[in-house]
Amino acid sequence: MSIKHVGVVGAGQMGGGIAQVCALAGLQVSLCDQNEAALERGLAAIKTSLERMLSKEKISAEELANVLGRIQSSTTTVSLAQVDIAIEAATEVENIKQIIFKDLDRVCKPEAILATNTSSISITRLAAVTQRPGKVIGMHFMNPVPMMKLVEVIRALQTDDTVFTQVTELAKELGKVPVDVNDAPGFVANRILLPMINEAVFALYEGLASAEEIDTVMKLGMGHPMGPLALADLIGLDTCLSIMEVLHDGFSDSKYRPCPLLKQMVDAGYLGRKSGRGFFSY
Ligand code: CAA
């Protein structure tokens, strides 16, 4: 089966970015979010990103219009009945993802692949709640999706080899570089990245240096394109906390203990860029 029609569940920064790169690659996209306002924000963000590409002459005005024309939006998953693959990019909470997977299993055609963009949750457990565990797989994009080349392709214990091959090919078609990764908490990217971000939050919490200074150390000392605290704000502090909790619970190792300041920031609603305030103000 060749993949021509992609469903995306969740119109946040990851879901919107995934919808955008799929439409840019010429695929039909059905973007779905139960929250009408989130759907509108997601579509507006896609337009802004495409306009940025237009201003840099990476795409033409005609292409921009065509890309937007390939994205249909809806507040119900019924619109995903005919997709060849559904990519879930909803909130990073396991029982929310399980509910979505049960729903996708019911509404999508039997041969459709069900993928998740989870940044840390077990693909094997998500596959187990469906009647098609062999067709469930992880497809982990990086933020900002239009710019970052990596896609971690994560096999559940149950994933069929043909599904793995199809998803690897799809990632290449989208202009990405797929990396074959096994199913363990945080996979590879977040197993390494999030403890570094959490340590930067500890450094701030313990008064080692200011947020600006911590980020300057990592940018100028290690050549990172952005500092860990600015990156945490880009990812979303709620997502960072969820990933640390998955690592902490999954490995039962205190080295993954989320920094109390990270928890407090989330409790206060300081979620980073998306809420206008995180370690920095936007
Ligand atoms: N859409 C379209 N174009 C975009 C864009 C977007 N959303 N964001 C940036 N760009 C383009 C800009 O137009 C610019 O294009 P040119 O090179 O043609 O000028 C280019 O990207 C660079 O952008 P900027 O000059 O504004 O800024 P920058 O050089 O600092 O790059 C960045 C921005 C690409 C985000 C860079 O800072 C970076 O690579 N940061 C690290 C990001 C990262 O680590 N991501 C992984 C997060 S972890 C994750 O996602 C996994 C998880 O599960 C949590």
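Buried means under 20% relative accessible area, exposed means over 50%, and partly exposed lies in between. The exercises below use these cut-offs on a predicted model.

**Exercise 1. Classify S252, A45, V179 and I59 as buried, partly exposed or exposed.**

Solution.
1. S252 has a relative accessible area of 66%. The cut-off for exposed is over 50%, so S252 is exposed.
2. A45 is at 45% relative accessibility and therefore counts as partly exposed. Its place is in helix α2.
3. V179, a residue of strand β8, is at 35% and so also counts as partly exposed.
4. I59 sits in the loop between α2 and α3 (61–69). At 7% relative accessibility, I59 counts as buried.

**Exercise 2. For A45, I59 and V179, state which residue is paired with each by C-alpha distance, and give the separation in sequence and in space.**

Solution.
1. For A45 the partner is G12: the two are 33 residues apart along the chain, and their C-alpha atoms are separated by 9.0 Å.
2. For I59 the partner is L24, 35 residues apart in sequence and 9.4 Å apart from C-alpha to C-alpha.
3. For V179 the partner is V153, with the two positions 26 residues apart in numbering and a C-alpha to C-alpha distance of 5.8 Å.

**Exercise 3. Describe the surroundings of strand β1 (residues 5–9) and the directions in which its residues point.**

Solution.
1. Count the buried residues: 5 of the 5 residues of β1 are buried, so the strand is largely enclosed by the rest of the structure.
2. Recall the expected pattern: in a regular strand the side chains alternate between the two faces of the sheet.
3. Assign the directions: H5, G7 and V9 point one way from β1, while V6 and V8 point the other way. Residues on both sides are buried.
4. Find the pairing: β1 runs parallel to strand β2 (residues 28–32), and 5 bridges join the two. Within this pairing, V6 has V29 of β2 as its bridge partner.

**Exercise 4. Where does T77 lie, is it buried or exposed, and which side chain does it contact?**

Solution.
1. T77 belongs to the loop between β3 (71–74) and β4 (85–88).
2. Its relative accessibility is 13%, so T77 counts as buried.
3. The side chain of T77 makes a polar contact of 2.6 Å with the side chain of D103.

**Exercise 5. Locate the backbone features at P144, F187 and S252.**

Solution.
1. Start from the usual case: most residues other than glycine have a negative phi, and most peptide bonds are trans.
2. The bond that joins N143 and P144 is a cis peptide bond, with omega about -5°. P144 is in the loop between β6 (136–141) and β7 (150–155).
3. F187 is not a glycine, yet its phi is positive, about 50°. The residue lies in the loop between β8 (177–181) and α7, and at 3% relative accessibility F187 counts as buried.
4. S252 is not a glycine either and has a positive phi of about 45°. S252 is found in the loop between α10 (237–251) and α11 (260–267). In contrast to buried F187, S252 is exposed.

**Exercise 6. Describe the shell of residues around the ligand: its nearest members, its polar contacts, its composition and its origin.**

Solution.
1. There are 19 residues around the ligand, and S49, R52, K56, H140 and N143 come nearest.
2. Two side chains are listed here with their distances. A polar side-chain atom of S49 lies 2.5 Å from a ligand nitrogen atom, and one of K58 lies 3.1 Å from a ligand oxygen atom.
3. The backbone also takes part: a backbone N or O atom of N143 is 2.7 Å from a nitrogen atom of the ligand. The protein covers 68% of the 1000 Å² of accessible area that the ligand has on its own.
4. By residue class, the shell divides into 11 nonpolar, 5 polar and 3 charged residues.
5. By helix, α2 (36–55), α7 (189–205) and α9 (228–235) each supply at least two residues of the shell. The largest share, 3 residues, comes from α2.
6. By domain, at least three shell residues come from each of domain 1 (5–181) and domain 2 (190–274).

Technical notes. Residues numbered from 1 in each chain as written. Predicted model: local features only at pLDDT ≥ 70, side-chain atom pairs only at ≥ 80, totals over all residues. Heavy atoms only, no water. Near = heavy atom within 4 Å. Polar contact = N/O pair within 3.5 Å; in protein donor to acceptor, adjacent residues only side chain to side chain. Areas by Shrake-Rupley, 256 points an atom, 1.4 Å probe, with all protein chains shown as cover. Helix = DSSP H or I, 4+ residues; strand = E, 2+ residues; numbered from the N terminus. Nonpolar A, V, L, I, M, F, W, Y, C, P; charged D, E, K, R; others polar. Domains from an automatic or database assignment. Buried < 20%, exposed > 50% of the residue type's maximum accessible area, 1.4 Å probe, protein only. Pairing = 2+ DSSP bridges.
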